[in-house]
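Subject: Structure for you to look at

Hello,

Below is the structure I said I would pass on. Please open it first, then read the notes underneath.

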2 protein chains.
Amino acid sequence: MLTKIAEFGKDPAGGETRFLYTAEWLQAQNFVGEIMQAAGFELKFDDIGNVYGRVHGMKYTDETILTGSHIDTVRNGGIYDGQYGIVASFLAINYLKEMHGDPLRNLEVVSLAEEEGSRFLYAFWGSKNLCAIAKKENVEKLVDANGTTFVNAMNSHGFRFRDESIPMRNDLVGFLEIHIEQGKVLETEKKEIGVVSAIAGQRRFNIEVFGESNHAGTTPMGLRRDAVHTMSLMINYISNAALKYGDPLVATIGKIVVQPNVANVVPGYALFTLDTRHPDEKVLSAFTSEIFVELEKIATLRNTSVKIEKWMEALPVQMNKTMIATLENACKTNGFSYKMMHSGAGHDSMIIAPFVPTAMLFVPSAKGISHSPEEFTEIEYLDKGILTLAEALYRLAYFD
Amino acid sequence: MLTKIAEFGKDPAGGETRFLYTAEWLQAQNFVGEIMQAAGFELKFDDIGNVYGRVHGMKYTDETILTGSHIDTVRNGGIYDGQYGIVASFLAINYLKEMHGDPLRNLEVVSLAEEEGSRFLYAFWGSKNLCAIAKKENVEKLVDANGTTFVNAMNSHGFRFRDESIPMRNDLVGFLEIHIEQGKVLETEKKEIGVVSAIAGQRRFNIEVFGESNHAGTTPMGLRRDAVHTMSLMINYISNAALKYGDPLVATIGKIVVQPNVANVVPGYALFTLDTRHPDEKVLSAFTSEIFVELEKIATLRNTSVKIEKWMEALPVQMNKTMIATLENACKTNGFSYKMMHSGAGHDSMIIAPFVPTAMLFVPSAKGISHSPEEFTEIEYLDKGILTLAEALYRLAYFD
């Protein structure tokens, strides 16, 4: 089923490119819908294109356990990120239905329309609509790289904005998402399953260093105000400070811009980005405050100056303790090794968690690779993930 | 005269852009020629467009003291780099002629066609032709940014390749060049004149660091092979090592390229350039050998690898000791403060020095700025430079 979905959006340049509201995206959503309908699930598309497949509960008909993930991919992505969560959810519920008959509570799969923000500069469109927090005003001016507006792309497939006066559905009593880890912690620690306790908060900054451009031959070392030398001291300091703080704190200098960026000129300007994440907001605050004091000192010491600008902040999101316990017990019942861990990446679960008791499962990513055609998870781990999800859903939907 | 030359090639975007074999370049060369002719100098264009103005010697008619610099500029350059050397040479000789009559040896100004390599990727075209070492084969395939070939540009103004079977002229017994410093050593040390003892050798390298690209959120610090962190350690090490070696060694990291260069990906690849210079080749060799051993160690320590590639090497060029002494004595006679120094930048003098006893004078550059519309030297220093040059030429051409 994963490889079948992968046919919709196969990219000649490698991997999958399945952007929101494209023909291949609609084919994939329709395919997911058909599979579920064929298995007897009740099919529903919502206004914006999320697809739901429900198995009705016999007793608590106004209580629904939802499970799923997103159908869209990044450009040249893999066949697991998002898609595995949808397939696993369907297979788990289908398995339960065949093994145990109808549940007491409704069991429902969701194939969320969008999470990556790859076509339009807006992420989590699917889960934000599910939670009735997506706003028309935030997307109606968006245009993709080809000049197509968000609204035209959406309307072209018969979808439309949700009626914002209608509140979020109130039947959801639990949400579970299973996803590839996208890191190599499980692989390194040889664990079969990751139980996610929290999704890390993150902050991103531009850090600019101002020095003075000079001739590389005629300016003695002692007379330089070299922005790149200052930047290097800062990057070292930050990387070492993050190592010293220890896991799960991470700090990444991912992007560097130097001016004038020619071999024979002492650089007068350098910009680097800092992306730092931790599941505890207090630790993140302490870390950034601490390093920014030191960056100022380094700049001054090197006769340069620094400007720090935050351009992104996402608060950490804790998973629901009862749901976490259910997932742990599911691992134990199945006899699978697992690790309690946080997610360093953002997921639909972090949008849904404030509204519905939510938890997440990870399966190992080979070499930690994701967002790449080389994304891979062993079939054995895919199966164990589905069995763990099934066991958890069984506990949630089949008992009083 | 400087501001008059500056009218040829005034760039709407700022400063001067006077590239080889452009209309404005020809206007400037013609203007220099007319001025010299009007003052009674014997005018000569050579095949490729160097302009010479000679005052004949009365006694040693087969001995010529040459002085001058280049007429071309970089894009958006200043009005001093090169041009000042031509104007100063003319004014110095004209002054001597009026004060002391005809010299014993020929005195000759040269306005060299090209030094910067800004239009075509070939520098020192003027002085290399003067020394009969320019080769047709090295330029005939060159094309400028607009697609004009070197040959067409040259021919369009009536110039042509030198006959390579004819050896270099054999009348030159001395060459002096006066130039702006392009650094801030003289300004910092409050000296009026720089007497150049050597032109630094230089080597340029690309240093590539290979690590592993990873997700910024899901890869713990300890599992990273971060090319940017490794690069920072290397840049720090190099900068500190250069400071420790002390003047006149310089080492510049001018250019950085990071891949994939996005905020939320641990960079798997980084490239930086190293430009290092010293007037003593042995010191330069020792320095680069020493740091490259250490760069390998740093790469290994950080679980990354490094590849170092040299793409440019220029040997140091020593100025002639007798000519240096003449310049020093000229400073002393005039009562001007001076500093014996090396040049970190390349100049026509380094091409001519192997063939003719050569030395150079510097005048201070305000704030060390050059290759910029803000290039500036106080008129007082320009005058003192001319007087020093005149005194040196007097000693060289008016005595037995």
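Which residues of β16(A) lie on one side, which on the other, and are they buried or exposed? Please bear in mind that this is a predicted model. On one side of β16(A) are T358(A), M360(A) and F362(A), on the other are A359(A), L361(A) and V363(A), and all are buried, so that both faces are covered. The strand runs over residues 358-363 of chain A, and six of its six residues are buried.

Strand β16(A) has pairing partners. One of them is β5 (residues 172-180) of chain A, which pairs with β16(A) in the parallel sense over six bridges. In this part, I178(A) stands opposite L361(A). Another partner is β6 (residues 193-199) of chain A, which pairs with β16(A) in the antiparallel sense over three bridges. There, V196(A) has M360(A) as its bridge partner.

Next, a single residue. D144(A) sits in the loop between α4 (125-130) and α5 (150-156) of chain A. Is D144(A) buried, exposed or partly exposed? D144(A) has 18 other C-beta atoms within 10 Å, and because a buried residue needs 20 or more and an exposed one has 12 or fewer, D144(A) counts as partly exposed. Apart from neighbours within four places in sequence, D144(A) is in contact with R119(A), F120(A) and A153(A). Of these, F120(A) is 24 residues away from D144(A) in sequence, while their C-alpha atoms are 5.3 Å apart in space.

Now the two chains together. A turn of 180° with a shift of 0.0 Å along the axis lays chain A on chain B, with an RMSD of 0.0 Å. The two copies are therefore related as by a two-fold rotation axis. In chain A, the C-alpha of S232(A) is the nearest to that axis, at 2.2 Å. Both copies use the same surface, since 100% of the contact residues of chain A recur in chain B.

How many residues of chain A are in contact with chain B? There are 49, and they meet 49 residues of chain B. Several elements of chain A each supply at least two residues to this side, including α6 (185-189), β7 (201-210) and β12 (269-278). The most comes from α7(A), with nine residues. By type, the side of chain A that touches chain B has 21 nonpolar, 21 polar and seven charged residues.

Regards

Definitions and conventions:
Residues are numbered from 1 along each chain as its sequence is written. Chains are lettered from A and ligands numbered from 1 in the order in which they are written. This is a predicted model: local features need pLDDT of at least 70, side-chain atom pairs count only at pLDDT 80 or more; totals for chains, interfaces and linings use all residues. Copies are superposed by least squares on the C-alpha atoms of residues with pLDDT of at least 70 in both. Two residues are in contact if their C-beta atoms, placed from the backbone, lie within 7 Å. Helices (H or I, at least four residues) and strands (E, at least two) are DSSP runs, numbered from the N terminus. Ala, Val, Leu, Ile, Met, Phe, Trp, Tyr, Cys and Pro count as nonpolar, Asp, Glu, Lys and Arg as charged, and the others, Gly among them, as polar. Two strands pair if DSSP finds at least two bridges between them.
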